[in-house]
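User: I would like to go through some of the terms used for this model and see what each one rests on. Please start with the sheet.

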Amino acid sequence: WADNSANTAKAIEPLCQKWAEANGVKCTVKKFNGGTELEDALIKGNSSGDVPDIYEGAHNGIGKMVANGILAPVDLGANKANFSAAAVAGVTNNGNTYGVPWAVENIALLTNKKLSPECPATLDAAVANAKKLIAAGTVTKGLGIAVQIGNTGDPYHWFPLFSADGGYTFKQLPDGTFDRTDMGIGKEGSIAAAKRLQQLANDGIVKASVTYDIARETFAKGKSPYFITGPWQLPEQEKALGADLMVCPVPNWEGSQFTSQPFLGVRTFFQTAKAKNPVLASTFLSDAAMTTEFMDGMYATDPRPPAWNESFTKAATDPFIKAFGEYGQKGLPMPAIPQMDNLFQDWGLAQFKVASGSDPEKAMKEAGDSINKRNAKLG
């Protein structure tokens with residue numbers, strides 16, 4: 001089963017069918033309109049036995065799927081070293097690896113070379129440049145750094161700035177897993193990030209009312225030097241800016257002990273616990289999916305930075321893929337634990353309130369209290 005909203009299912013089909021024909025079996029790819037529809041079908045089908053042998057999806061559903069008994073562990077074996085460390089961390093849960101990662105996705109800093117000829121070395125430099133351009137009337141106030149917030153907030157796109165001031169979601173342990181009892185919203189780092197956000201709003205660098213459409217349209221028109229977004233915006237912005245488009249990491253604040261990180265999504269092939277053909281599924285994942293030929297084939301149709309090192313090296317001849325991929329290697333895999341689902345609503349609302357002028361400490365602590373109450377019910 002696969003999501004048909006991007007080119008993922010289209011990429012999988014010929015690769016799977018080629019392997020199936022060579023091995024005297026049949027491969028059928030059932031297509032779904034979005035990851036949520038696919039996930040709902042898996043949870044429902046797990047009770048009746050109507051599940052695929054393998055499905056493709058984002059790693060951040062692993063915690064929920066393991067809790068529902070849907071996933072079988074997949075041993076990456078000697079191939080573990082052939083994947084990026086961040087991708088392996090993303091598919092690791094309670095000491096087991098679940099699935100074969102094939103691509104990573106994250107946001108970065110799209111930059112207009114006409115307004116910023118080089119990638120900013122620090123966030124201080126980016127802000128200073130944006131202030132100068134706003135003062136000159138070249139750049140729209142509130143879009144010195146185009147980042148979507150909107151009336152429900154958008155912590156996913158805030159996270160590179162949030163982490164740059166020490167904010168975190170759940171404490172990451174040395175083995176890459178997360179301590180679900182140590183939630184960071186409402187703690188010191190989140191408050192520092194919120195205070196900084198309010199200062200940026202007061203200085204006209206960001207604005208609470210900026211939506212995705214406002215951000216992308218303003219950047220495309222050359223009225224914003226920087227745009228925090230993902231590779232899905234490359235076609236539109238390449239068309240608008242041409243050779244003036246550049247992809248940069250979101251830098252750190254000057255002299256800071258903290259590192260700006262994007263959330264990292266890991267696209268993965270999963271084996272179901274109730275697969276009708278478990279041996280065949282396992283063989284496909286080990287003999288077909290974990291090969292450079294397969295990973296190159298996925299990238300050719302669905303060009304996201306590959307999780308397979310050799311394929312990423314090839315893909316990195318594209319400077320945009322290289323820039324997104326290298327920043328992503330410093331990213332934080334989205335915590336694949338059920339408690340993560342309770343963060344975004346309160347965290348996003350707190351972000352909007354702070355950018356609109358509410359007290360940063362109060363807003364973050366209230367959000368943290370609300371999240372902790374709901375997570376307490378999960379045990």
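Analyst: In this predicted model, three strands make up an open sheet with antiparallel pairing, ordered β10-β7-β11.

User: What makes β10 and β11 edge strands?

Analyst: Strands β10 (226-229) and β11 (245-248) each pair on one side only. From one strand to the next, the twist averages 30°.

User: How do you know that β7 and β11 pair?

Analyst: Pairing requires at least two bridges between the strands. Strand β7 (residues 108-112) and β11 have four bridges, in the antiparallel sense, so they count as paired. Leu 110 stands opposite Val 247 in β11.

User: Which helix packs on the sheet, and which strands are touched?

Analyst: Helix α8 (residues 212-220) does, with β7, β10 and β11 touched; the directions of α8 and β10 make about 140°.

User: Why is α7 called oblique to α15?

Analyst: Helix α7 (residues 188-202) packs against helix α15 (residues 360-376) at about 135°, and their axes are 9 Å apart. Roughly perpendicular ends at 115 degrees and roughly antiparallel needs over 145. The angle of about 135° fits neither range, which makes α7 oblique to α15. The crossing is right-handed.

User: Which residues make that contact, and what classes do they belong to?

Analyst: From α7 come Ser 190, Ile 191, Ala 194, Lys 195 and Gln 198; α15 supplies Pro 360, Glu 361, Met 364 and Lys 365. By class, the contact of α7 with α15 has four nonpolar, two polar and three charged residues.

Technical notes: Residues numbered from 1 in each chain as written. Predicted model: local features only at pLDDT ≥ 70, side-chain atom pairs only at ≥ 80, totals over all residues. Heavy atoms only, no water. Axes fitted to C-alpha atoms, helices over the stretch in contact; angles between N-to-C directions. Helix = DSSP H or I, 4+ residues; strand = E, 2+ residues; numbered from the N terminus. Parallel < 35°, antiparallel > 145°, perpendicular 65-115°, else oblique. Left-handed = near helix turned anticlockwise from the far one by under 90°. Contact = heavy atoms within 4.5 Å. Nonpolar A, V, L, I, M, F, W, Y, C, P; charged D, E, K, R; others polar.
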